[in-house]
Amino acid sequence: MRSDNFRKVVPYTPGAQPRFAEMIKLNTNENPYPPAPGVLEAARKFDAGILRLYSPIDGGNLQTELAKYHGVDRNQVFIGVGSDDVLSVIFQACFNSGEEVLFPEISYSFYEVWADLYRLNSRKVPLRDDFTINPDDYLVPNGGVVIANPNAPTSIALSSGDVEKIIKGNPDRIVVIDEAYIDFGGESVLPLVDKYDNLVVVRTYSKSRSMAGLRIGYAISTPEIIKAINDVKYSINSYTMNFPSECMGVESLKDEAYFRSTIAKIVATRGRLVTELKRLGFTVLDSSANFVFASSDRKPAKEIFKELEERHIFVRYFNKPGIDNFLRITVGTDEQIDKLIEALEEIL
Ligand SMILES: *Cc1c(COP(=O)(O)O)cnc(C)c1O
């Protein structure tokens, strides 16, 4: 058979999901704390009999409750199977002009994978030398803009004023702000959805809501943009939202106190982690996320990564120019961080 049958793409490389009984997993920015008690209870009580039926196409109660939670209308919410699904549909629905879609050169590497997969014209915009985003770089003719805020893997947040500058400066194009980590720091631009008609804010349950395995992500925007996203989504697969996600997704929203308390714990542990890494001679970028991005000149990051891996401590290493001497380390529990620091003391 001929090889030209196949579409050749370079896929996104997800973080490894090792399964050792004893391991410290700080490589995919998962939350170290369990989902809210109400979510666990709803999982126990879930009536699997309902799975006979197709699930609600719009997300059902989850769409209603997310709209209430964020103070927007129901038709301003699009729900997908993780924000990867949401972003993937947005790339297909919102960047149709043929002009260059812009995103930072160092950012969530899925953006360039989708741009290539959907054959979009795109351009990667370099960061400043200090790894920050210069908003002025996005005030040029383009076919749309995608920014992760806080950015990944740098962990650095852009002020909401700077994000607004990008939104305001592109009135004819759609600006997508991926706020996967916004609950851990930084300022959300969600309140600007009603002020501008070109803004899409993307959120996920995977990090701050401790529910990566359930796969819930959503976008909030204008009814017009949400309709365009839905039209594409319904052209691919209508029933992607499933009953367990609808049920447990709603439960998570009910427990604001638990949500705030796990975030506060992670932010406190992040402070400790940064202090300890600096004590060991690391340069650590200013994190507003549930991970830190750190580099040491005592030993190449790749070697540190391997030596940690031998001890079943997993962090993320990107073999990519400009960041190939950095490690991305998820903020785990205090106990996990203590063990990481002990291991690093031995390694360095
Ligand atoms: C983790 C992450 C996502 C995807 O999360 P889902 O689990 O698919 O919701 C999207 N964007 C960024 C920047 C992320 O780090």
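# Notebook: the pockets and the ligand

I began with the largest pocket, which has 47 residues in its lining; Tyr12, Thr13, Pro14, Gly15 and Arg316 are the ones nearest its centre. Four elements each give two or more residues to this lining: helix 3, helix 4 (110-117), helix 9 (301-310) and strand 12 (316-317). I note for the record that this is a predicted model.

**Entry: the largest pocket, continued.** I looked up which element contributes most to the lining, and I found helix 4, with four residues. I then sorted the lining by class and got 23 nonpolar, 13 polar and 11 charged residues. For the volume of the largest pocket I wrote down about 1,100 Å³.

**Entry: what sits there.** Which pocket holds the ligand? I found that the ligand takes up the space of the largest pocket. I listed the residues that surround the ligand: Gly82, Ser83, Asp84, Tyr108, Asp178, Ala180, Tyr181, Thr204, Ser206, Lys207 and Arg215. By class, I have three nonpolar, four polar and four charged residues in this shell. Helix 3 (residues 82-94) supplies the largest share of the shell, three residues. I had already met helix 3 among the elements that give two or more residues to the pocket lining.

**Entry: polar contacts of the ligand.** I checked three residues of the shell for distances to oxygen atoms of the ligand. For Ser206, a polar side-chain atom lies 2.5 Å from a ligand oxygen. For Arg215, I again found a polar side-chain atom, at 2.7 Å from an oxygen atom of the ligand. For Asp84, the atom is a backbone N or O, and it lies 3.0 Å from a ligand oxygen. I then asked how much of the ligand is covered by the protein. On its own the ligand has 380 Å² of accessible area, and the protein covers 93% of that.

**Entry: the second largest pocket.** I moved on to the second largest pocket, where I noted about 230 Å³ of space. Its lining consists of Glu22, Met23, Ile24, Arg311, His312, Ile313, Glu335, Gln336, Lys339, Glu342, Ala343 and Glu346. Which helix gives the largest share of this lining? I found helix 10 (residues 334-347), with six residues. The class count for the lining of the second largest pocket is four nonpolar, two polar and six charged.

Conventions: Residues numbered from 1 in each chain as written. Predicted model: local features only at pLDDT ≥ 70, side-chain atom pairs only at ≥ 80, totals over all residues. Heavy atoms only, no water. Near = heavy atom within 4 Å. Polar contact = N/O pair within 3.5 Å; in protein donor to acceptor, adjacent residues only side chain to side chain. Areas by Shrake-Rupley, 256 points an atom, 1.4 Å probe, with all protein chains shown as cover. 1 Å grid on protein atoms, 1.4 Å probe; cavity = no way out; pocket = protein on both sides within 12 Å on 5 of 7 lines; lining within 4 Å. Sits in = over half its atoms within 2 Å of the grid points. Nonpolar A, V, L, I, M, F, W, Y, C, P; charged D, E, K, R; others polar. Points joined across faces, edges and corners; volume = space filled by probe spheres on them.
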